[in-house]
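Ready to poke around a protein model? Work through these exercises with the structure open beside you, and try each task before reading its solution.

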Amino acid sequence: FREIYKSDEIIKAEHLPERFKSDHAFSTSIYFLLEGKQVSAFHKLKSDELWHFYDGSTVLIYLIKEAGKLETARLGSRIDEGESFQIVINRNTWFAAEILDKNSFALIGCTVAPGFEFEDFELGKREELIKLYPDLSGVIKKLTAN
């Protein structure tokens with residue numbers, strides 16, 4: 001991934017919700033490339049995140065919603081097939097992504113506000129997620145590294 005933008009204006013930690021432990025930029029953005037069978041494994045952030053589609057194959061985004069309900073969003077350019085150029089991922093939502101066409105790629109961007117900090121990122125652990133969401137064990141096994 002490559003960071004493209006990080007606001008030079010800062011929100012002090014005391015002015016942010018309690019879940020944030022440090023100062024944050026107003027907003028950040030990155031872009032990254034997923035190729036073939038690469039995935040973005042289940043993870044969650046303390047901020048809302050907006051995913052943007054730029055080029056390539058459709059991206060399937062799996063979101064574990066309240067009470068363990070799995071939703072799948074389609075990020076891509078085929079609006080007439082239910083895809084969107086942008087998908088909003090609400091804070092504290094477990095989510096993962098994969099490319100629909102494994103012989104292709106997807107160029108994706110992400111915007112986070114308040115800005116992304118690694119301390120706000122949590123990578124999902126397979127066994128812990130399966131304990132929380134046993135009915136989703138198949139997709140969790142497929143989209144976690146451990």
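A residue counts as buried when its relative accessible area is under 20%, as exposed when that area is over 50%, and as partly exposed in between. Keep in mind as you go that this is a predicted model.

**Exercise 1: Buried or exposed?**

Task: Decide whether phenylalanine 32 is buried or exposed, and do the same for asparagine 103.

Solution:
- Start with phenylalanine 32: its relative accessible area is 15%. The cut-off for buried is under 20%, so phenylalanine 32 is buried.
- Now take asparagine 103, which has 76% relative accessibility. The cut-off for exposed is over 50%, so asparagine 103 is exposed.
- Where is asparagine 103 found? Look in the loop between strand 10 (94–99) and strand 11 (105–113).
- One more thing to check on screen: asparagine 103 and proline 114 are eleven residues apart along the chain, and their C-alpha atoms are separated by 35 Å.

**Exercise 2: Follow the rings**

Task: Find out how many aromatic pairs the whole structure has, then work out which rings join Trp51 in a cluster.

Solution:
- A search of the whole structure turns up four aromatic pairs.
- One of them is phenylalanine 32 with tryptophan 51, at 5.6 Å centre to centre with 85° between the planes, an edge-to-face pair.
- That pair links distant parts of the chain: phenylalanine 32 sits in strand 4 (residues 28–35) and tryptophan 51 in strand 6 (residues 48–56), 19 residues apart.
- Tryptophan 51 is buried, at 1% relative accessibility.
- Next, measure up tryptophan 51 against phenylalanine 95: the ring centres are 5.8 Å apart and the planes are at 80°, so this pair is edge-to-face.
- Distant parts of the chain are linked here too, with tryptophan 51 in strand 6 and phenylalanine 95 in strand 10, 44 residues apart.
- Phenylalanine 95 is also buried, at 1% relative accessibility.
- Put the steps together: ring pairs link Phe32, Trp51 and Phe95 into a cluster.

**Exercise 3: Read the sheet**

Task: Say in which order the five strands of the open sheet come, and which of them are the edge strands.

Solution:
- Walk across the open sheet and you meet its five strands in the order 8-7-10-5-12, with antiparallel pairing.
- An edge strand pairs on one side only, and that picks out strand 8 (70–75) and strand 12 (121–123).
- From one strand to the next, the twist averages 30°.
- Zoom in on strand 5 (residues 39–45) and strand 12: three bridges hold this antiparallel pairing. Here histidine 43 stands opposite leucine 123 of strand 12.

**Exercise 4: Partners of strand 11**

Task: Work out how many bridges join strand 4 to strand 11, and how many there are between strand 6 and strand 11.

Solution:
- Strand 4 and strand 11 run antiparallel and are joined by eight bridges. Isoleucine 30 has cysteine 110 in strand 11 as its bridge partner.
- Strand 6 also pairs with strand 11 in the antiparallel sense, over eight bridges. In strand 11, isoleucine 108 is the residue opposite phenylalanine 53.

**Exercise 5: Spot the unusual backbone**

Task: Which peptide bond is cis, and where does alanine 67, with its positive phi, lie?

Solution:
- Start from the general rule: most residues other than glycine have a negative phi, and most peptide bonds are trans.
- The cis bond runs from alanine 113 to proline 114, with omega near -15°. Proline 114 has its place in the loop between strand 11 and strand 12.
- Alanine 67 has phi near 60°. Look for alanine 67 in the loop between strand 7 (59–64) and strand 8; its relative accessible area of 87% makes it exposed.
- Asparagine 92 has a phi near 60° as well, and belongs to the loop between strand 9 (86–89) and strand 10. At 42% relative accessibility, asparagine 92 is partly exposed.

**Exercise 6: Find the cores**

Task: How many residues does the largest nonpolar core have, and which elements give two or more residues to it?

Solution:
- The largest nonpolar core has 17 residues, and Trp51, Val59, Ile61, Leu75, Ile89 and Ile108 have the most contacts inside it.
- Strands 4, 6, 7, 8, 9, 10 and 11 are the elements that give two or more residues to this core.
- Apart from it lies another core, of 13 residues, including Tyr62, Ala96, Leu136 and Val139.

Definitions and conventions
Residues numbered from 1 in each chain as written. Predicted model: local features only at pLDDT ≥ 70, side-chain atom pairs only at ≥ 80, totals over all residues. Heavy atoms only, no water. Helix = DSSP H or I, 4+ residues; strand = E, 2+ residues; numbered from the N terminus. Buried < 20%, exposed > 50% of the residue type's maximum accessible area, 1.4 Å probe, protein only. Phe/Tyr/Trp six-rings, centres within 6.5 Å; stacked < 30°, edge-to-face > 60°. Pairing = 2+ DSSP bridges. Axes fitted to C-alpha atoms, helices over the stretch in contact; angles between N-to-C directions. Core = buried A, V, L, I, M, F, W, Y, C linked by side-chain atoms within 4.5 Å.
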